[in-house]
Amino acid sequence: MLRRLILLAVTPALLLAAATPAHAVVPVPPMPPGAAPGTVAPAVLMSQVVTMTNQQRSANGCGQLAVDQELTVASVRQSNYMARTGRFSHVWNDGTTFVGRSHQAGYAQPSGENIAWGYRTASEVIRAWMASPRHRANMLNCGAHSIGTGVAYAANGVPYYTQVFGWE
């Protein structure tokens with residue numbers, strides 16, 4: 001299966017582009033209809049991604065990230081968007097970025113975002129992010145204090161992952 005990942009860090013230009021209309025709170029995505037046997041529920045994957053990210057941080061001298069509800073909402077929105085549209089990008093068609101999604105969810109100081117798709121387990125996606133210097137940098141940014149994760153399945157069963165990190 002083709003697997004991809006990408007990341008984005010905050011830049012001043014993105015901070016200026018953050019204003020977008022508010023959206024309703026997004027619940028954790030459900031299992032896809034007709035999910036294959038052994039498909040892991042999004043909430044389980046989300047929890048595993050946080051645990052494994054914190055294990056990597058601990059092994060590399062960084063403090064634990066606290067799960068932030070607002071960053072989780074922003075992450076779930078991103079994963080839902082990618083799963084629904086099949087568009088693998090940090091920027092939505094309307095120009096919304098992770099900074100805007102974080103602000104819409106009520107979080108003031110996001111620091112970065114990692115996205116990926118196609119990985120069947122949390123271990124696979126964490127290994128891929130850790131093997132990528134820029135994704136690894138987001139995960140091991142010792143200045144970050146918070147995390148939100150999102151996982152959503154597309155109609156065809158492909159999982160889309162998001163991590164959003166924050167300074168607060």
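**Entry 1: strand pairing.** Before anything else, a note to self: two strands pair if DSSP finds at least two bridges between them. I also jotted down that I'm looking at a predicted model. With that rule in hand, I checked β3 (residues 110–117) against β5 and found seven bridges joining them, so they count as a pair. The two strands run antiparallel. I picked out one bridge to follow by eye: I115 has T162 in β5 as its partner.

**Entry 2: the other neighbour of β5.** Next I looked at β4. Here β4 and β5 pair over eight bridges, again in the antiparallel sense. For a spot to zoom in on, I chose A152, which stands opposite Y160 in β5. β4 and β5 make a hairpin with five residues between the strands. I noted G157 in that hairpin, since my list gives G157 a positive phi near 90°.

**Entry 3: is β5 covered or open?** I wondered how many residues of β5 (159–166) are buried. Eight of its eight residues turn out to be buried, and the strand is mostly covered. Then I sorted them by side. One side carries P159, Y161, Q163 and F165, and the other carries Y160, T162, V164 and G166. Both faces of the strand are covered. That means T162, the partner of I115, is itself a buried residue.

**Entry 4: the disulfide.** I searched for disulfides and got one for the structure. C62 and C142 form it, with their sulfur atoms 1.9 Å apart. The angle about the S-S bond is -70°, and the link is left-handed. What does this pair tie together? C62 sits in the loop between α2 (42–59) and β2 (66–67), while C142 sits in the loop between α6 (133–139) and β4 (146–153), so the link connects parts 80 residues apart in sequence.

I checked the cover on each cysteine too. C62 has 8% relative accessibility, so I put it down as buried. C142 has 43%, so that one goes down as partly exposed.

**Entry 5: stepping back to the chain.** Time for the overview. I counted six helices and five strands in the secondary structure. Along the sequence, the pattern reads β-α-α-β-α-α-β-α-α-β-β. Of the 168 residues, 49% count as buried. The accessible surface comes to about 7,500 Å², and 59% of that belongs to carbon and sulfur atoms. Last lookup of the day: I took the contacts between residues at least 6 apart in sequence, and 74% of them join residues at least 24 apart.

Terms used:
Residues are numbered from 1 along each chain as its sequence is written. This is a predicted model: local features need pLDDT of at least 70, side-chain atom pairs count only at pLDDT 80 or more; totals for chains, interfaces and linings use all residues. Side-chain values use heavy atoms; hydrogens and water are left out. A disulfide is a pair of cysteine sulfur atoms within 2.5 Å. Helices (H or I, at least four residues) and strands (E, at least two) are DSSP runs, numbered from the N terminus. Buried means under 20% relative accessible area, exposed over 50%, partly exposed in between (1.4 Å probe, protein chains only). Contact means heavy atoms within 4.5 Å. Accessible areas come from the Shrake-Rupley method with a 1.4 Å probe; for residues, only the protein chains shown count as cover.
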